[in-house]
Amino acid sequence: MKDLMTYINEQTNNAYQHLKLVGVVYNPTIGNTSFRFIYKNGTSFKQSDKDKIAQLINEYYENTIEVDVKVKRDYVDEEVVADTLFKYIYSNYTSIQNDVSRDNIHVTLDGDVFVELQLTEPVYDYLLSQDFIGVATKYLNDNSFENFEISLKKSGEGDIYTKALDANHERMIQSLGADTNQPSKVNVTDITEVFGENLPSVAFDLNTIKSAMQKCQIAGNVRFFAEKTFTSKKPDKNGNYPVKTYYTWSLKYGQGFMHCVYFPLKQDANNEFALADDMQVIVGGDIEEYMGKLNFKVKSLSVCKIVEQTDREIIQKEVNENYLYVKPEKVESMSQFNFFDVPKEPNAFLAQNDVFVFDVETTGLDYKSNEIIEIGAVKLHNGEITESFSCFVKPTVKIPSEITRLTGITDAMVANAHSISEVIVDFYKFCYGCVIMAYNIDFDYRFINSAGVKVGYKFTNRQVDAMYLARKEVKGAKNFTLSSICKRLGVSLEGAHRAINDATATAEVVKLISDNVSPN
C-alpha cells in the first residue's frame with residue numbers, strides 16, 4: 001500500500017510536494033485522528049488546501065476514521081531550533097533534566113542548521129551512550145525541511161558555560177553563608193554498608209567543595225553509573241596483561257556534581273556491583289584533582305537517606321478542616337455506557353486506596369532555587385477520577401522565557417494567583433490520607449515537600465512513581481516519556497506541560513498499568 005503523502009501527491013499532480021507529514025495522533029476521548037503537517041517556508045497553504053488534504057485522507061482510509069488536519073509553517077531560526085531541542089531533551093531524557101539548560105544549546109544557520117550542545121563530562125558521556133546525536137538529528141529532520149547536524153562538546157576550562165557554573169557556584173556558597181575554605185555538611189541516616197569501612201552519618205556538601213581532600217565523605221544521588229574495563233600495564237605471573245573492571249558514576253546533590261571512580265580490591269574483584277539511577281549513597285575516600293577537575297576515588301560506599309535541612313526541625317501541623325484558597329472540583333465521569341457493557345472492576349490497588357496523582361510546572365529544575373508556578377492534581381476513588389485540583393501559583397521571580405515557551409505560562413497568568421505558602425495548605429488537605437503518584441515523582445515531590453515543610457507540613461504519604469511503573473509494565477516501549485506512554489496506551493494528552501493535563505493523563509495511564517501494584 002502506498003504511503004499517505006505519495007497518495008496525496010499522485011492525486012494532485014504533485015501539488016503538495018511542499019507539504020510534510022510530521023505526526024499522526026489518535027484521540028480516543030473524542031474519537032478523531034489528528035494529522036499534523038508542516039509546509040515549506042516561503043510557500044502558502046490556504047483553507048481550501050486544508051479541506052482538500054482532509055478529503056484525500058478520508059479517501060485514502062476509505063472514510064473509516066474521523067479526520068482532523070493541523071498545518072503550520074516550517075519556520076526555522078536559532079531561537080526556534082534551540083527551544084525545540086531543549087523541549088525534546090526535557091521530555092525524552094528525564095534523567096538529565098536537571099543537568100541541561102536552554103543556554104547550553106548553540107545554533108548556527110549556514111545553509112544547513114548546525115547545533116552544538118555544551119555539556120558537563122557525565123552528561124556528555126551519557127548522551128553518547130544513548131546515541132543522542134543520531135536519534136535527535138532524526139527527530140529534527142523528521143519535523144522540518146531543513147538539514148540538521150548536531151555535535152556534542154564537553155565544557156572546557158574557561159569557556160562561557162564553565163564560567164557561568166563557577167559564578168553560580170560562588171553565589172551558592174555565599175547564599176549558604178558558608179566559609180569558602182571549609183565545606184559545609186550534609187546529614188545522612190538509614191546507612192546500609194555495601195563495601196569498605198563503616199561510614200559516619202555526616203558528609204561534605206558537594207556544592208561547597210573547592211579543592212582536593214584526603215579521607216573524607218560525600219553524599220548524593222547516583223547518576224550515569226557505568227561498568228568499564230582497562231588492560232593492566234603489569235603482567236601477571238603467566239606474562240599476560242589482565243583486563244580489569246572498574247566503575248564510574250556521578251554524585252549529584254543540589255547543583256553540585258562529583259565524578260566518582262571505584263577500583264575494586266583484589267578480594268572484591270569477582271563481586272557483582274551496580275548502582276541504580278537516583279539511589280542515595282554516601283562514599284568515603286579521597287578527592288583528587290586531575291586535569292583541573294575534582295574526582296572522588298571511592299574506597300567505601302553505603303546506601304543511605306540524605307536528610308534535607310528543611311526536614312530536621314518541623315512541627316507537623318494538623319490538616320485544616322476547610323479549604324482556604326483553592327477548592328477542588330468534582331469530576332463527572334465522561335464515559336459512555338452501553339446497556340450490554342460489563343463495567344470493569346478496579347484492581348486491588350485502586351480499589352483499596354484513594355490515589356492522588358499530581359504534576360507541577362516550575363521556573364526551573366532545581367527545587368532549592370526555583371519555584372512552582374502551577375499545580376494540577378486529580379483523585380482516583382475506586383479507580384475513577386472523582387475530583388480535580390488546579391491553580392496557578394505566584395512566584396517571587398519572573399518566569400524564564402524558556403519556561404514560558406515550554407509551558408505557555410506567562411507572568412501575567414500568575415500575577416493574581418495565590419503564593420505557594422497559601423496553596424500548599426489546601427494541596428496538603430486534598431492529598432491527605434492518599435497514596436500519591438506522579439510521573440517521575442522524585443522531581444515533583446521535592447518541590448511540593450520543600451514548600452510544605454516551610455509552613456509546617458510534612459508529606460508522609462506512600463509514594464508510587466508512575467514512570468517506574470511504566471518501565472516495568474509497558475513492554476516494547478522505546479522511551480518512557482509521558483507523551484510516548486500515552487500514545488502507546490491510547491491515552492489522550494492534549495496540552496502537555498500544563499499541570500492538570502499531565503496529571504489527568506498520568507491518572508489514566510495508572511488505571512491501565514497498576515494491576516501489579518501492592519495494595520499496601
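**Exercise 1. Follow strand β9 and its neighbours**

Strand β9 is joined to strand β10 (residues 243-253) by 9 bridges, and the two run antiparallel. Your task: find which strand is joined to β9 by 7 bridges, and name a residue pair for each partner.

*Solution.* A word on the ground rules before the steps. The model is predicted, so local features need pLDDT of at least 70 and side-chain atom pairs count only at pLDDT 80 or more, while totals for chains, interfaces and linings use all residues. Residues are numbered from 1 along each chain as its sequence is written, and side-chain values use heavy atoms, with hydrogens and water left out.

Step 1. Get the terms straight. Strands (E, at least two residues) and helices (H or I, at least four) are DSSP runs, numbered from the N terminus. Two strands pair if DSSP finds at least two bridges between them.

Step 2. Look on the β10 side: F230 stands opposite K244 in β10.

Step 3. Now find the partner with 7 bridges. That is strand β12 (residues 280-290), again running antiparallel to β9. Here M213 stands opposite I287 in β12.

Step 4. Keep the general idea in mind: strands of a sheet pair through backbone hydrogen bonds, either parallel or antiparallel.

**Exercise 2. Two residues with a positive phi**

Where do F224 and H497 sit, and are they buried or exposed?

*Solution.* Step 1. Check the backbone angles. F224 is not a glycine, yet its phi is positive, about 60 degrees. H497, also a residue other than glycine, has a phi near 65 degrees.

Step 2. Place them. F224 belongs to strand β9 (residues 213-231). H497 is in the loop between α13 and α14 (499-513).

Step 3. Read the accessibility. Buried means under 20% relative accessible area, exposed means over 50%, and partly exposed is in between (1.4 Å probe, protein chains only). F224 comes out at 14%, so F224 counts as buried. H497 has 18%, so H497 is buried too.

**Exercise 3. Put a sheet in order**

What is the order of the strands in the open sheet of 6 strands, and which strands are at its edges?

*Solution.* Step 1. Walk across the sheet: the order is β14-β17-β16-β15-β18-β19, with mixed pairing.

Step 2. Pick out the edges. They are β14 (329-330) and β19 (463-465), each pairing on one side only.

Step 3. Zoom in on one pair. Strand β16 (residues 372-381) and strand β17 (residues 384-392) run antiparallel and are joined by 8 bridges. Within this pair, V378 stands opposite S388 in β17.

**Exercise 4. Track the salt bridges**

How many salt bridges does the structure hold, and which parts does the R498 and E374 pair tie together?

*Solution.* Step 1. Define the contact: a salt bridge is a side-chain nitrogen of Lys or Arg within 4 Å of a carboxyl oxygen of Asp or Glu. By that rule there are 9 salt bridges in the structure.

Step 2. Take R498 and E374, whose side chains meet at 3.0 Å, N to O. R498 lies in the loop between α13 and α14 and E374 in strand β16, so this pair ties together parts that are 124 residues apart in sequence. R498 is partly exposed at 21% relative accessible area, whereas E374 is buried at 3%.

Step 3. Turn to helix α14. The side chains of K511 and E508 form a salt bridge at 3.3 Å, N to O. These two are 3 residues apart in the helix, so they are separated by about one helical turn. K511 counts as buried at 19%, while E508 is partly exposed at 29%.

Step 4. Finish with a network. K379 and E387 meet in a salt bridge at 4.0 Å, N to O, and both residues are buried. Together with K330, they are linked in a network of salt bridges.

**Exercise 5. Place K299**

Which strand holds K299, and how many residues along the chain is K299 from F195?

*Solution.* Step 1. K299 lies in strand β13 (residues 293-307). With 49% relative accessibility, K299 counts as partly exposed.

Step 2. K299 and F195 are 104 residues apart along the chain, and their C-alpha atoms are separated by 8.0 Å.
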